Amino acid sequence: MEKIKIPKATAKRLPLYYRYLLILNEEGKDKVSSTELSEAVQVDSASIRRDFSYFGALGKRGYGYDVKNLLTFFKKILNQDTLTNVALIGVGNLGRALLNYNFKRSNNIRISCAFDINKKITGRILSGVPVYDMDDLKQQLSDQQITIAILTVPSTAAQKTTDEMVDAGVKGIMNFTPIRLSAPADVRIQNVDLATELQTLIYFLDSDKEN
């Protein structure tokens, strides 16, 4: 399938649409309107129609969208038939929670290896995932051809670990540390700052109380 250039905001919403379409398909629904999608995924109808317009005519006016057709289309767009192995760097409290979760709701993503400096857990298998010593990071990432990693190490080790991952060929990093990492232009970094997200939520809740 030809690669379609779409805005980042649209790309973030595609997995939301896909997950809801899976639910509809399991329920035996044949079609869905942009209004129904909007209510389910909490995205306004106009944004949904605009998102879908990037891919051509996916629906019919007055009919809506065919669930199976949409599901097949987004499955290809999101590479749901291709298994992506991901490395977890740092097996502390958050790292262990992610290991236990290990994308069980997804058929195409899995944490296939983890790394830590704690000798009590390295060389063991936790939640079905082998945990390697950090000294083996470059070798294992290269050998296993892993290009995506989740970073949950202490802040003091974040940049050094990032440099090692990049040297091993990693091209995508989900960064759970508060540090804003430096990396080459061809490496994508997705920052997940739980504290900032919570503070934003608290701000809006407080604002609602004042109104």
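Where is the place of lysine 8? Lysine 8 sits in helix α1, the run covering residues 8–26. This is a predicted model, so here's a quick tour of what turns up in it. The protein has eight helices and ten strands, and its C-alpha atoms fill a box of roughly 60 × 50 × 35 Å along the principal axes. Of its 211 residues, 37% count as buried.

**Overall layout**

- The domain assignment splits things into domain 1 (8–77) and domain 2 (84–196).
- Taken over C-alpha atoms, the centres of domain 1 and domain 2 are 32 Å apart.
- For a sense of distance, take glycine 123 and lysine 8: they are 115 residues apart along the chain, and their C-alpha atoms are separated by 39 Å.
- Glycine 123 itself is in the loop between β5 (109–116) and β6.
- Glycine 123 counts as exposed because its relative accessible area is 73%, and the cut-off for exposed is over 50%.

**Surface patches**

- Lys5, Lys8, Lys12 and Arg188 form a positive surface patch.
- Lysine 8, one of the patch members, counts as exposed, with 57% relative accessibility.
- There's a nonpolar patch on the surface too, about 380 Å² in area, made by Leu198, Leu201, Ile202 and Leu205.
- Isoleucine 202, from that nonpolar patch, belongs to helix α8, which covers residues 194–210.
- With a relative accessible area of 45%, isoleucine 202 is partly exposed.

**Salt bridges**

- How many salt bridges does a search of the whole structure find? The search gives six, and three of interest are described below, starting with aspartate 51 and arginine 13.
- The side chains of aspartate 51 and arginine 13 meet at 2.7 Å, N to O. Aspartate 51 is in helix α3 and arginine 13 is in helix α1, so this salt bridge ties together parts that lie 38 residues apart in sequence.
- Are aspartate 51 and arginine 13 buried or exposed? Aspartate 51 is buried, at a relative accessible area of 0%. Arginine 13 counts as buried as well, at 19%, because the cut-off for buried is under 20%.
- Lysine 160 pairs with glutamate 164, and their closest N and O atoms are 2.8 Å apart. Both belong to helix α7 (residues 155–167), and since they are four residues apart there, about one helical turn separates them.
- The lysine 160 end of that bridge is exposed, at 55% relative accessible area, whereas glutamate 164 is buried, at 19%.
- Lysine 29 makes a salt bridge with glutamate 27, with 3.7 Å between the closest N and O atoms.
- Lysine 29 is partly exposed, with a relative accessible area of 34%, while glutamate 27 is exposed, at 53%.

**Backbone oddities**

- Most residues other than glycine have a negative phi, which is the reason to flag the next two residues.
- Glutamine 42 isn't a glycine, yet its phi is positive, at about 60°.
- You'll find glutamine 42 in the loop between α2 (34–41) and α3 (45–53).
- Glutamine 42 is exposed, and its relative accessible area is 68%.
- Serine 127 also has a positive phi, near 50°, and is likewise a residue other than glycine.
- Which loop holds serine 127? Serine 127 is in the loop between β6 (125–126) and β7 (129–133).
- At 43% relative accessibility, serine 127 counts as partly exposed, because that value falls between the 20% and 50% cut-offs.

**Quick recap**

- On the surface, look for the positive patch of Lys5, Lys8, Lys12 and Arg188, and for the nonpolar one made by Leu198, Leu201, Ile202 and Leu205.
- Among the salt bridges, look at aspartate 51 with arginine 13, lysine 160 with glutamate 164, and lysine 29 with glutamate 27.
- For backbone geometry, check the positive phi values of glutamine 42 and serine 127.

Technical notes
Residues are numbered from 1 along each chain as its sequence is written. This is a predicted model: local features need pLDDT of at least 70, side-chain atom pairs count only at pLDDT 80 or more; totals for chains, interfaces and linings use all residues. Side-chain values use heavy atoms; hydrogens and water are left out. Patches are made of residues with over 30% relative accessible area and no salt bridge: like charges are joined within 9 Å, nonpolar side chains (Val, Leu, Ile, Met, Phe, Trp, Tyr) within 5 Å. Accessible areas come from the Shrake-Rupley method with a 1.4 Å probe; for residues, only the protein chains shown count as cover. A salt bridge is a side-chain nitrogen of Lys or Arg within 4 Å of a carboxyl oxygen of Asp or Glu. Lys and Arg count as positive and Asp and Glu as negative; His and the chain ends are not counted. The place of a charge is taken as NZ of Lys, CZ of Arg, CG of Asp or CD of Glu. Helices (H or I, at least four residues) and strands (E, at least two) are DSSP runs, numbered from the N terminus. Buried means under 20% relative accessible area, exposed over 50%, partly exposed in between (1.4 Å probe, protein chains only). Domain bounds come from an automatic or database domain assignment.
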